[in-house]
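Visitor: I would like a close look at a single part of this protein, namely the contacts that side chains make through rings and charges. Please take me through them slowly.

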Amino acid sequence: MSENLTRLNKYLSEAGYCSRREADRLIDAGRVTINDVIPEMGTKVASEDVVKVDGEVIGERKQDFVYLAFNKPVGIVCTTDTRVEKDNIIDYINYPKRIFPIGRLDKPSEGLILLTDDGDIVNKILRASNNHEKEYVVTVDRPISQTFVERMAGGIYIEELGKRTKKCKVKKIDRFTFSIILTQGLNRQIRRMCDYLNYDVKTLKRVRIMNIELDTPLGQYRELTKEEFKTLTNLISDSKKTYDPKHQHHRKKKR
């Protein structure tokens with residue numbers, strides 16, 4: 001018997017319900033059923049199986065994927081759990097289709113975040129080993145010194161996380177403002193780095209994710225252009241599912 005089977009988390013992401021990571025959480029919480037039976041993690045789905053989340057039947061995708069660039073205001077939380085968090089990004093945008101954010105942007109931060117219903121692209125973009133750039137503009141509470149710039153760029157050990165930040169690009173913009181380009185996304189990374197050097201972050205805005213620039217008014221979104229999506233697809237075309245040191249400096253393929 002050569003029937004094609006699909007892993008349950010992949011099935012949910014390809015159906016546009018959520019990312020694979022979120023699917024794993026839903027499965028682990030017992031909120032997903034196959035033919036009204038709660039499955040184990042890693043279970044595969046056949047074409048005739050009926051998959052439900054919280055009792056809602058999840059069918060195969062029949063429409064194109066959605067890719068949005070949103071300028072998130074301060075105070076909005078990047079979660080899809082609308083039952084727990086009232087100031088969540090999904091209710092704020094109120095998009096007519098089910099979408100979910102790619103990655104996170106802290107509640108006190110603002111700026112660019114991408115949203116989609118394409119679970120596979122989420123996994124590729126989030127893999128830190130692929131050196132995908134994210135650029136931020138940050139204001140701090142006291143004058144920026146050259147030492148501050150050099151130490152931020154050189155990497156800082158974050159004790160709470162037990163990790164040293166990767167080297168990054170830091171540029172002073174004015175007395176209290178700098179830009180920083182990261183290729184990793186540790187929890188509250190920029191704020192923790194600044195705190196280590198005795199600086200408090202006053203404002204933090206993400207202005208770019210890879211080739212996507214922040215160009216919408218605060219609180220508004222737009223669809224990615226065809227050119228933006230084509231470039232984005234090329235940038236993530238070599239993305240790996242697991243860390244590979246040899247892949248660290250591998251550049252994108254030309255198509």
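Guide: What follows goes through the ring pairs, then the charges over rings, and then the salt bridges. Please keep in mind that this is a predicted model.

Let us begin with the rings, since the structure holds 6 aromatic pairs. In one of them, the ring centres of Phe70 and Tyr92 are 5.8 Å apart and the planes meet at 50°, and because planes from 30 to 60 degrees apart are neither stacked nor edge-to-face, this pair is called tilted. The two partners come from distant parts of the chain, 22 residues apart, with Phe70 in strand E6 (residues 67-72) and Tyr92 in helix H3 (residues 89-93). Phe70 counts as buried because its relative accessibility is 0%, whereas Tyr92, at 40%, counts as partly exposed.

Another pair joins Tyr95 and Tyr221, with 5.8 Å from centre to centre and 70° between the planes, and this one is edge-to-face. Here, too, distant parts of the chain are linked: Tyr95 lies in the loop between H3 and strand E7 (100-101), while Tyr221 belongs to strand E16 (residues 221-223), 126 residues apart. Tyr95 is buried, with a relative accessible area of 18%, and Tyr221, at 34% relative accessibility, is partly exposed. Besides these pairs, Phe65, Tyr67 and Phe229 form one aromatic cluster.

Rings can also meet charges in this model. The charged end of Arg98 sits over the ring of Tyr17, 3.9 Å from its centre, and the charged end of Arg142 sits over the ring of Tyr199, also 3.9 Å from the centre of that ring.

We now turn to the salt bridges, of which the count comes to 14. One of them is formed by Arg25 and Glu22, whose closest N and O atoms are 2.9 Å apart; both residues lie in helix H2 (residues 20-28), 3 residues apart, which is about one turn of the helix. Glu160 and Arg192 form another, with 3.0 Å between the closest N and O atoms, and this bridge links distant parts of the chain, from the loop between strand E10 (157-158) and strand E11 (163-164), where Glu160 lies, to helix H6 (residues 189-196), which holds Arg192, 32 residues apart. Glu160 counts as exposed, at 58% relative accessibility. By contrast, Arg222 and Glu228, whose side chains meet in a salt bridge at 2.7 Å, N to O, are both buried. Finally, Glu133, Glu135, Lys169 and Arg208 are joined into one network by salt bridges that share partners.

Conventions
Residues are numbered from 1 along each chain as its sequence is written. This is a predicted model: local features need pLDDT of at least 70, side-chain atom pairs count only at pLDDT 80 or more; totals for chains, interfaces and linings use all residues. Side-chain values use heavy atoms; hydrogens and water are left out. Rings of Phe, Tyr and Trp (its six-membered ring) pair if their centres lie within 6.5 Å; planes under 30 degrees apart count as stacked, over 60 as edge-to-face and the rest as tilted. Helices (H or I, at least four residues) and strands (E, at least two) are DSSP runs, numbered from the N terminus. Buried means under 20% relative accessible area, exposed over 50%, partly exposed in between (1.4 Å probe, protein chains only). A charge sits over a ring if NZ of Lys or CZ of Arg is within 6 Å of the ring centre and within 35 degrees of the ring normal. A salt bridge is a side-chain nitrogen of Lys or Arg within 4 Å of a carboxyl oxygen of Asp or Glu.
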